[in-house]
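Me: I'm new to this one, so could we go through it together? I'll just ask things as they come up.

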Amino acid sequence: MLMTAFGGLMWLIFTAMLVLAVVALVMAAVARDDAYRAADKQNKMFWLIILGVTVAVNLLVPMLFLQIAGLVATIVFFVDVRPALRQVSGGGRGGRRGGSSSDGPYGPYNGGR
């Protein structure tokens, strides 16, 4: 009973690691190549290779050490590279896009007038 629950938990963890790696790979592929250079990060091909190898390892070679190394690379992409790419590209929450501080989602707020 305990081994079945442990096996199910491990399957869930490995699936989550695979999903995170696939999402990171897609985000890395969608970002512009010049944004990597502007953010002073490794180039786009480097991240595509690293994250592609991570996805392949998670799918084909279930070795915990390699999967953890891939998870570290995925986490680095999410917490370091992706925010820098979003800042350089002008996207993201909190970034102003030419509006004033009183602009709402449907236009300027006029104070109930």
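Me: Leaving aside residues up to four places away in sequence, what does A31 touch?

Reply: This is a predicted model, and in it A31 touches Y36, K44 and L85 once residues up to four places away in sequence are not counted. Both A31 and two of those partners, Y36 and L85, also belong to the largest nonpolar core.

Me: Which residues make up that largest nonpolar core?

Reply: It has 12 residues, namely A24, A28, A31, A35, Y36, A39, W47, L51, F77, V81, A84 and L85. The elements that give two or more residues to this core are α1, α2 (33-38), α3 and α4.

Me: And which element gives the most to this core?

Reply: That is α4, which gives 4 residues to the core. As general background, nonpolar side chains tend to be buried together in soluble globular proteins.

Me: OK, zooming out. How many helices and strands does the protein chain have?

Reply: The protein chain has 4 helices and 2 strands, and when you read along the sequence they follow the pattern α-α-α-α-β-β. Of the 113 residues in the protein chain, buried ones make up 20%. Among contacts with a separation of 6 or more, 63% come from residues 24 or more positions apart.

Me: Back to the helices. At what angle do α3 and α4 pack?

Reply: Helix α3, residues 44-60, and helix α4, residues 64-89, pack at an angle of about 140°, and their axes are 9 Å apart. At that angle the two helices are therefore oblique to each other, and their crossing is left-handed.

Me: Which residues meet there?

Reply: From α3 the residues are W47, I50, L51, T54, V57 and N58, and they meet L66, Q67, G70, A73, T74, V76, F77 and V81 in α4. The residues of this contact divide into 9 nonpolar, 5 polar and no charged. Several of them, including W47, L51, F77 and V81, are also part of the largest nonpolar core.

Me: Different topic: where is V30, and is that residue buried or exposed?

Reply: V30 has its place in helix α1, which covers residues 2-30. V30 has a relative accessible area of 66%, so this residue is exposed.

Me: What separates the C-alpha atoms of V30 and K44?

Reply: Those C-alpha atoms are separated by 9.8 Å, while V30 and K44 are 14 residues apart along the chain. K44 is also one of the residues that A31 touches.

Definitions and conventions
Residues are numbered from 1 along each chain as its sequence is written. This is a predicted model: local features need pLDDT of at least 70, side-chain atom pairs count only at pLDDT 80 or more; totals for chains, interfaces and linings use all residues. Side-chain values use heavy atoms; hydrogens and water are left out. Axes are lines fitted to C-alpha atoms, for helices over the stretch in contact, and angles run from 0 to 180 degrees between N-to-C directions. Angles under 35 degrees count as roughly parallel, over 145 as roughly antiparallel, 65 to 115 as roughly perpendicular and the rest as oblique. A crossing is left-handed if the near helix is turned anticlockwise from the far one by less than a right angle, and right-handed if clockwise. Contact means heavy atoms within 4.5 Å. Ala, Val, Leu, Ile, Met, Phe, Trp, Tyr, Cys and Pro count as nonpolar, Asp, Glu, Lys and Arg as charged, and the others, Gly among them, as polar. Buried means under 20% relative accessible area, exposed over 50%, partly exposed in between (1.4 Å probe, protein chains only). A nonpolar core is a set of buried Ala, Val, Leu, Ile, Met, Phe, Trp, Tyr and Cys residues joined through side-chain atoms within 4.5 Å.
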